[in-house]
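Colleague: Please take one part of this model and go through it closely for me. I'd like the charged side-chain pairs and whatever surrounds them, cut-offs included.

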Amino acid sequence: MADEHNPLDHVIDHPTLEIPFLGELDLPVLFGIQVTRFMVMEAVAALLMLAIFIPLARHAARQKVTRGRLLNVFEAILVFIRDKVARPAIGHHHADQFLPYLWTVFFFVLICNLLGMIPGGASATGNINVTATLALMTLGAVVVAGVKEMGPAGFLKNLVPHMDVPWIMKPFLWPLMFVIEVAGLLIRHVVLSVRLFANMLAGHIVLAVILGFTLTVSEAALYIKGPVIAASVGGVVLLSLLELFVAFLQAYIFTFLSALFIGAAVHSH
């Protein structure tokens, strides 16, 4: 029973897809590659984004004022990312050209986070491979933005901040600072991926531990297991509400840090 209802299933990849009330469906092997539950969840997230934002874009193109609660909610989030994240971090001159990427990464991370909270779903963002790929995409955007703004040599030179030291020391310090800054650039993106992965994984591990209390006392007397089960279920409900907040918060943090990294690449130190 513990295996059937293990909350860690949401953050562990499987070659099967869980269908509520129907059981598990074996996923196929395509071109020698095993399709996994996380792959399906990522495809679902992408399809949901197409289903939401293509009609929203067409609606916005036809009408100056958005009508409908759902469309207004999504428009408010898009405007918030533009005005409170992208433009302050990157600057008004450069921000708009990176908005499609920031909007896409925010909603992709958010939907992947939320899919882990529905029956049969799974949090693809609780897998380090997924978050590492997202961080690599941000690193690619940072490099492209810096090279486009300053050229290849200018981008590399801009990595090293101005050093207020005697000129005779610069030939020795500049190469050392360059190596440190390149390492720092890579480490920042590694941390970006680990942060999202660890936060989503930790939430489900805590859920598993709390639910594990109910299994531990399942053979105990009613006066013992009753309060424990009630406290565990109440804790899981409260923690699930907290995870709903965390899903939005982690999507925001990933997008905000991506905007900060891009902004640092297009501005001189």
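**Salt bridges and their surroundings**

Modeller: The count comes to four salt bridges (a side-chain nitrogen of Lys or Arg within 4 Å of a carboxyl oxygen of Asp or Glu). Mind that this is a predicted model, where local features need pLDDT of at least 70 and side-chain atom pairs count only at pLDDT 80 or more, while totals for chains, interfaces and linings use all residues. Residues are numbered from 1 along each chain as its sequence is written, and side-chain values use heavy atoms, with hydrogens and water left out.

One of the four is Glu24 with Arg37, at 3.7 Å from N to O. That pair ties together distant parts of the chain, 13 residues apart: Glu24 sits in strand β2 and Arg37 in helix α1 (residues 37-62). (Helices are DSSP runs of H or I with at least four residues, strands are E runs with at least two, numbered from the N terminus.) The two ends differ in cover: Glu24 is exposed at 54% relative accessible area, yet Arg37 counts as buried at 1%. (Buried is under 20%, exposed over 50%, partly exposed in between, with a 1.4 Å probe and protein chains only.)

Glu24's strand, β2 (residues 23-26), runs antiparallel to β1 (residues 16-19), with four bridges joining them; strands pair if DSSP finds at least two bridges between them. Ile19 stands opposite Gly23. Three residues separate the strands in this hairpin, and Phe21 in the turn has a positive phi of about 70°.

Now for helix α2. Asp83 bridges to Arg82, with the closest N and O atoms 2.9 Å apart, and Asp83 also meets Arg87 at 3.6 Å, N to O. Through shared partners, Arg82, Asp83, Arg87 and Asp96 end up in one network. Arg87 and Asp83 are four residues apart in α2, about one turn of the helix; residues three or four places apart point the same way because an α-helix has 3.6 residues a turn. Asp83 is partly exposed at 30%, as is Arg82 at 27%, whereas Arg87 is among the buried residues of α2, a list including Phe74, Ile77 and Leu78.

Arg82 also marks a bend in α2 of about 30°, taken as the angle between axes fitted to the seven residues ending there and the seven starting there. Even so, the length of α2 (residues 69-90) works out: its 22 residues should span 32 Å at 1.5 Å a residue, and the end C-alpha atoms are 30 Å apart, which agrees. (The expected span is 1.5 Å times one less than the number of residues.) Just after α2, Gly91 takes a positive phi of about 105°.
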